[in-house]
Amino acid sequence: ETKTKQNKHKFSRISLCAGVCSKTGVSVISDGDSLTLSAQGKVQPQRASGSDEYVFAYGNDYRAAVRALYLITGSVPLIPRFALGNWWSRYYVYTDKEYLRLLNLFEEQEVPLTVATIDMDWHYSTQMEEDLAITAKGRNTPFYGGNNGWTGYSWNKRLFPDYKSFLQKIKDKNLKITLNLHPADGVRWWEDCYTDMATALGKDPSTGEHIPFNVASDEFINAYFSVIHKPYEKDGVSFWWIDWQQGEKSTMEGLDPLWALNHYHYLDNAKTSATPLVLSRYCGVGAHRYPLGFSGDTHITWDTLNYLPYFTATASNVGYTWWSHDIGGHMFGEKDNEQYLRHVQFGVFSPINRLHCCDIQVCTKEPWAYGNGAGEIAKQWLRLRHQLIPYLYTASYLTHSEGTSLIEPLYYEWNVPGAYKYKNQYRFGSELLVIPVTQKRKSGGFAWVKAWLPQGKWTDIFTGTHYEVESPAGKEVTLLRQLESIPVLIKAGGILPLSLDSGNAVTNPEKMEISVYAGSGEYTLYEDGGEVNTKKLFTKFTASCQNQGDVCTQTLTISSCGGEGVIPIGRTFTIKFKDIKEGEITLYKNGEPCPVDEVLTGCVALNLPYDVTAEYTVQVKYTPLTKVQKAIEHARRTLIMASGNSWEKSRLWKLFAAVKTMQEYSDLIATEPMTPSLKACLTEIL
């Protein structure tokens, strides 16, 4: 973004690098300038001569092109479960009590978190220089290095007098911890680790000689981890946020310090974690081996929000799938309750949901700071993100094992013009189609979103609205949504697993909701032993639907294979057939009928105590709604939510309730006077 003469910020898109997918069917990646990587993970000088180019010729099979990239460069690692929940992050000078008080407030508001980020002011910095103004040993050098206070490795004792106790209290809340790093200025004489670092490198600590950052030196990089980082990891730091911004040069020609930091930090974290992690910036083709990606300081603008879905989906074309954006926006812009909520809604359906903002005292991303209902709705969405962890972790496994991204552009699945035109839409895992809202609402309280729907039957998981598209080319529509939701569609026969456990924990849940949508489909839930063991469990859900005259039978079969002991004893599935309001339920365990614990909700639902060694079959016989009945139900929901005179809404409802054909429904919309937003809402299913 650039400043105008009026001191406002004008949005301009960054240029994206080349990927391996092309509408021409051919893409070329040159690797001739890269260095050599040894089998032990050590970076070695560049090969002597010759070119190194890779031609990806896969036509419109874009997934095959990305999988070929992974064959060459290595697969995407499995992302740990904790990284898939809600992160709290803010560039802010916290004290330990302030930070813990904030975490307690999230607990009181029942908003789960999984990662606690502490930005650069965990260590001494230039911001605190005038507070302490320390010089030592007669040196004239300011304690924090003048303007070079971004680098630091010593906990600020004024803010965190007992940092070990502070870290332990965060861990007790079932949160993982990451600290922000700017390592460019090396290690200077005032750091707590200076003596040990100098000794490890064969220097005399009494001289106070500056130890420069040298990522190309084996001695430096080994001491960098063993002396500086490992002690803090023993104290409770789970992984590191590498905030490198200091250029691409190092003492080894061709070695980008950012790439090297990502590489070595990831390898080092793997020594103590079964699913290692770093948070850093993109360092070129192959960076997918070092997740996660920090996309930089986003601006608090609608233009920025509107760019992020396209940016995230398109990055899959170079195999870089795990982006962590500053959700809510980091800086500049203006506070806007609606924009904040729309940003959170996108964050919930993005790879990593990390709330973040700048260090301005009166700027924060705490939900309760946003009024007029936006904050309350945001809290519901943050709870949903935590519930989605089983679905997200399964997607992480599929990315690792099969090379399919959590977020994919539409054209990966549908090679038709609409899939290329609507660049902000994306597939989210195997079951969902997400259409983010990235513009302000219009009159009537609705956001108007132009969208493309693929061929098939789709249901909005939030509104329950049904869409049927017959044309193989799909269909362009305008969808209207109030503040509470964005369009998230699930295909017919889709299955969505959600955790119902409370709190911050991310272990395999004891209670789960399995949402089943009418039709035929399959979904396999992946779970493992996490940090405890490497056992894997696959639970397969198979949905099928048979029509017998006016009666349908929806069947769901559940079976597991893999290691026992992975899931909690006493797991319960609450199975909800979301498209079926009433029906006759039959439950079988290993082919034998068994009692049904029916749950009264807005749809047919039952509780199922799950035995991992058994096979279950659930059947629901019901009378399906016709297309006209679905349209009438859509009209009822729309009129309930719409503003306006109650008597007029009642009059319209009586007219819609009496229609017999879709043509009558369409004619009614065309002839009856109503607001443009109401008309558009009622029309969207046509």
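The legends below describe views of a predicted model, from the whole chain to individual residues.

**View 1. Overall fold of the predicted chain.** The secondary structure of the chain comprises 16 helices and 32 strands. With a radius of gyration of 27 Å, close to the 26 Å that the globule rule gives for 686 residues, the chain is as compact as a globular protein of that length. Measured out along its principal axes, the C-alpha trace spans about 90 × 60 × 55 Å. Of the contacts between residues at least 6 apart in sequence, 71% join residues at least 24 apart.

**View 2. Surface and interior of the chain.** Buried residues account for 55% of the 686 residues, while the accessible surface of the chain comes to about 29,600 Å², with 50% of that area belonging to carbon and sulfur atoms.

**View 3. The largest nonpolar core.** This core holds 202 residues, and Phe-349 and Ile-575 are those with the most contacts inside it. Helix 6, which covers residues 218–235, gives the most to the core, contributing eight residues.

**View 4. Surroundings of Ile-575.** Once its neighbours within four places in sequence are left aside, Ile-575 is in contact with Ile-514, Val-516, Leu-556 and Ile-558, and also with Val-604, Ala-605, Leu-606, Leu-608 and Val-618. Ile-575 is also one of the two residues named for having the most contacts inside the largest nonpolar core.

**View 5. A nonpolar patch on the surface.** Val-26, Val-28 and Val-55 together form this patch, and their accessible area adds up to about 250 Å². Val-28 belongs to strand 3, which runs over residues 26–30, and its relative accessible area of 44% makes Val-28 partly exposed.

How values were computed. Residues are numbered from 1 along each chain as its sequence is written. This is a predicted model: local features need pLDDT of at least 70, side-chain atom pairs count only at pLDDT 80 or more; totals for chains, interfaces and linings use all residues. Side-chain values use heavy atoms; hydrogens and water are left out. Patches are made of residues with over 30% relative accessible area and no salt bridge: like charges are joined within 9 Å, nonpolar side chains (Val, Leu, Ile, Met, Phe, Trp, Tyr) within 5 Å. Accessible areas come from the Shrake-Rupley method with a 1.4 Å probe; for residues, only the protein chains shown count as cover. A salt bridge is a side-chain nitrogen of Lys or Arg within 4 Å of a carboxyl oxygen of Asp or Glu. Helices (H or I, at least four residues) and strands (E, at least two) are DSSP runs, numbered from the N terminus. Buried means under 20% relative accessible area, exposed over 50%, partly exposed in between (1.4 Å probe, protein chains only). A nonpolar core is a set of buried Ala, Val, Leu, Ile, Met, Phe, Trp, Tyr and Cys residues joined through side-chain atoms within 4.5 Å. Contact means heavy atoms within 4.5 Å. The radius of gyration is taken over C-alpha atoms; the globule rule is 2.2 Å times the number of residues to the power 0.38.
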